[in-house]
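Visitor: I am new to this structure and should be grateful for a close look at a single part of it. Please begin with one residue and then set it among the elements around it.

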Amino acid sequence: MAGQTGSDDTGQGAGSPRIRRLVYSDLPSVLAIERRSFQTPWSLAMFVLELSKPSGICLGVSDERALAGYLVCSRYADVWHLMNVAVAPEQRRSGIATRLMERLFEEAGPGARYTLEVRASNSGAIAMYERFGFRPVGHRRRYYHDNGEDALIMWLEPAAPVEA
Ligand SMILES: CC(C)(COP(=O)(O)OP(=O)(O)OC[C@H]1O[C@@H](n2cnc3c(N)ncnc32)[C@H](O)[C@@H]1OP(=O)(O)O)[C@@H](O)C(=O)NCCC(=O)NCCS
């Protein structure tokens with residue numbers, strides 16, 4: 001259950017970053033990364049709300065010293081909404097977000113559908129999502145209030161079965 005376990009089940013060797021469920025005591029570290037990552041960072045209350053949802057998947061990646069990144073995903077009906085993902089600036093481009101996404105897919109299971117919104121200018125994140133098969137389906141005009149930027153809406157649908 002999101003926010004209630006702190007177990008590590010990666011099978012990684014000692015010293016390598018571990019992926020695990022986020023817990024409430026991670027939130028100061030989460031907020032520190034959040035504030036270095038976004039123009040309009042989430043508040044503590046927003047993270048607390050997400051961690052309190054029993055059906056959510058909230059993951060963190062850390063070594064023995066510090067949190068390096070996190071991912072927050074909520075399920076509404078039968079669709080997973082990727083709400084937030086961020087990696088500490090000095091640890092980007094080393095595959096951390098990729099590992100978080102891969103763990104999300106494992107935990108959500110086969111056949112899951114995903115959607116997300118991303119700033120239209122966030123080409124790095126869009127490239128990452130496209131690598132996982134997310135496809136743009138439209139825009140939400142002026143979605144971001146700080147600068148009036150559009151959100152790109154992306155979806156990842158399970159592959160359709162091949163007709164015999
Ligand atoms: C987007 C973000 C989470 C990616 O995290 P990351 O750990 O650096 O991502 P990865 O190392 O797993 O990158 C996987 C692939 O995504 C693409 N990618 C990631 N960041 C990129 C960038 N800045 N520019 C271009 N491509 C990028 C690349 O294809 C990359 O593979 P490569 O490094 O082999 O070329 C990170 O840049 C971040 O925290 N950004 C600020 C917060 C943010 O924008 N979050 C997304 C909100 S929707």
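Visitor: Where is the place of V23?

Guide: The model in view is a predicted one. In it, V23 occupies the loop between β1 (18–21) and α1. V23 has 16 other C-beta atoms within 10 Å and is therefore partly exposed, since a residue counts as buried at 20 or more such atoms and as exposed at 12 or fewer. Although V23 and C58 are 35 residues apart along the chain, a distance of 8.4 Å separates their C-alpha atoms.

To place this loop, an outline of the whole chain is useful. The protein chain contains four helices and seven strands. Read from the N terminus, their order is β-α-α-β-β-β-α-β-α-β-β. The chain has 164 residues, of which 27% count as buried. Among its contacts with a separation of 6 or more, 54% are between residues 24 or more positions apart.

Beyond V23 and its loop comes α1 (27–37), and the loop between α1 and α2 holds S43. S43 has 11 other C-beta atoms within 10 Å, and it is exposed for that reason. Its C-alpha atom is 7.7 Å from that of L31, a residue 12 positions away along the chain.

Helix α2 comprises residues 44–52, and its buried residues are F47, E50 and L51. These residues lie on the same side of α2, because they cover an arc of only 95° around the axis. A general rule helps to explain such an arrangement: an α-helix has 3.6 residues a turn, so residues three or four places apart point the same way. The other side of α2 carries A45 and V48, which are exposed. The buried residues of α2 are covered by elements that include α1, β2 (57–62), β3 (67–76) and β4. Thus α1, the helix that bounds the loop of V23, is also part of the cover over α2.

From β4 one may pass to the sheet. Together with α3 and β5, β4 makes a right-handed β-α-β unit. β4 and β5 run parallel and are joined by three bridges; opposite V79 stands R113 of β5. With β7 (residues 149–156), in contrast, β5 runs antiparallel, and six bridges join the two. Y114 has L156 in β7 as its bridge partner.

Strand β5 itself spans residues 113–119 and has two faces: Y114, L116 and V118 form the covered one, while R113, T115, E117 and R119 form the uncovered one. The general background is that in a regular strand the side chains alternate between the two faces of the sheet.

Between β4 and α3 the chain passes through a loop that contains R93. The backbone of R93 has a positive phi of about 60°, although the residue is not a glycine. R93 is exposed, because its count of other C-beta atoms within 10 Å is 8, and 12 or fewer is the limit for that class. A positive phi also occurs at R142, again a residue other than glycine, where the value is near 50°. R142 belongs to strand β6 (residues 135–144) and is exposed, with 11 other C-beta atoms within 10 Å.

The ligand brings several of these elements together. It is surrounded by 18 residues, of which R92, A97, T98, G124 and M128 are the closest. Two or more residues of this shell come from each of β4 (79–87), α3 (96–108) and α4 (123–131). The greatest share is that of α4, which gives five residues. Sorted by class, the shell consists of nine nonpolar, six polar and three charged residues.

After α4, the loop that leads to β6 contains G133. This glycine is partly exposed, with 13 other C-beta atoms within 10 Å. The C-alpha atoms of G133 and E157 are separated by 8.3 Å, and the two residues are 24 residues apart along the chain.

To return to the starting point: V23 lies in the loop between β1 and α1, it is partly exposed, and its C-alpha atom is 8.4 Å from that of C58.

Definitions and conventions
Residues numbered from 1 in each chain as written. Predicted model: local features only at pLDDT ≥ 70, side-chain atom pairs only at ≥ 80, totals over all residues. Near = placed C-beta within 6 Å. Nonpolar A, V, L, I, M, F, W, Y, C, P; charged D, E, K, R; others polar. Arc of directions from axis to C-beta. Contact = placed C-beta atoms within 7 Å. Pairing = 2+ DSSP bridges. Right-handed = clockwise from strand over helix to strand, strands pointing away.
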